[in-house]
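Reader: Hello! I have a protein model open beside me, and I would love a close look at how a pair of its helices meet.

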Amino acid sequence: MRRGVVVDLDRTFIKINSFEFFYIFLLKYSLVSFKMGYFFKLFFLILGRKCKLYSHEKLKYYTLIETYSIKSETLDSFSEILVSHINYKVIKIINEYKEKGYTICLATAAPILYVENFVTRFKLFDSVVCTSIPQKKKPWEENLGITKLNNVKNLFQKQNCSINVVITDHADDIPLLLNSEDTNYLVSPSKKSIAQINKHLIKYKIIQE
């Protein structure tokens, strides 16, 4: 059985929250493109979220429903923004495991809409598990928590691979951390995440930016 490394994206492989940046990027894009109807849809979506009318997951759902047809060259521009926020300490760790023959999987709650475009800029990842584009009136959920763990497990089972290393910043990935057979890395974790992770007696190494 091959050994595998699971890497989170936001505030781990990159130093920012990609979806937050994407939302701002879309607002600017809609203004520059004079797509005012699209701009106001996005504006009222984020306003509803700020007023706590729905969850972050619903915000992502409605945003992706409105954004699925965005042009590839626009996604190229956004991917370049993400590249400028790469965490090179994490890349170093990934390369060390890759040289040892480990399978590297990027597993993130970020949407495939831009993740797929972004990862083509690297030769680090053997596979990607991320949030799908929703379709109206069909079941959909973020690739987060237990869902992320199950999706990684299903993929690795097909590849005859085990979860040996997990690299993340957040307690959302406790299900993955608990299933890591060897080593866990926490990248600049918050005090809140550390406290939640410690409750599960999970062993880890901290990587500070």
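At roughly what angle do the axes of helix α2 and helix α4 cross?

Author: Happy to walk through that with you. Please keep in mind that this is a predicted model. Helix α2 covers residues 18-32 and helix α4 covers residues 56-67; their axes come within 12 Å and cross at roughly 40°. Angles from 35 to 65 degrees fall between the roughly parallel and the roughly perpendicular ranges, and α2 and α4 are therefore oblique to each other. As for the hand of the crossing, α2 passes α4 in a left-handed way.

Now to the side of each helix that takes part. From α2, the contact is made by F19, F22, Y23 and L26, and from α4 by H56, L59, K60, T63 and T67. Sorted by class, the contact of α2 with α4 has five nonpolar residues, three polar ones and one charged one.

A second pair makes a useful companion to this one. Helix α5 (residues 72-83) and helix α7 (residues 112-119) have axes that come within 9 Å and cross at roughly 70°. That angle makes α5 roughly perpendicular to α7. The crossing of α5 and α7 is right-handed. On the α5 side, S72, L75, D76, F78, S79, L82 and V83 make the contact, and they meet L113, Y114, N117 and F118 of α7. By class, the contact of α5 with α7 has seven nonpolar, three polar and one charged residues.

It may help to set these helices in the whole protein, which has 10 helices and six strands. Its radius of gyration is 17 Å, close to the 17 Å that the globule rule gives for 209 residues, so the protein is as compact as a globular protein of that length. Along the principal axes, the C-alpha trace spans about 50 × 35 × 35 Å. Of the 209 residues, 51% are buried. Among contacts with a separation of 6 or more, 62% join residues 24 or more positions apart.

For a single residue in the strands, try T131, which is found in strand β3 (residues 127-131). T131 has a relative accessible area of 0% and is buried. Beyond its neighbours within four places in sequence, T131 is in contact with T108, A109, A110, P111 and I112, and also with W140, E141, E142 and N143. One of these partners, I112, lies in the residue range 112-119 of α7, which brings you back to the second helix pair.

Notes:
Residues numbered from 1 in each chain as written. Predicted model: local features only at pLDDT ≥ 70, side-chain atom pairs only at ≥ 80, totals over all residues. Heavy atoms only, no water. Axes fitted to C-alpha atoms, helices over the stretch in contact; angles between N-to-C directions. Helix = DSSP H or I, 4+ residues; strand = E, 2+ residues; numbered from the N terminus. Parallel < 35°, antiparallel > 145°, perpendicular 65-115°, else oblique. Left-handed = near helix turned anticlockwise from the far one by under 90°. Contact = heavy atoms within 4.5 Å. Nonpolar A, V, L, I, M, F, W, Y, C, P; charged D, E, K, R; others polar. Rg over C-alpha atoms; globule rule 2.2 N^0.38 Å. Buried < 20%, exposed > 50% of the residue type's maximum accessible area, 1.4 Å probe, protein only.
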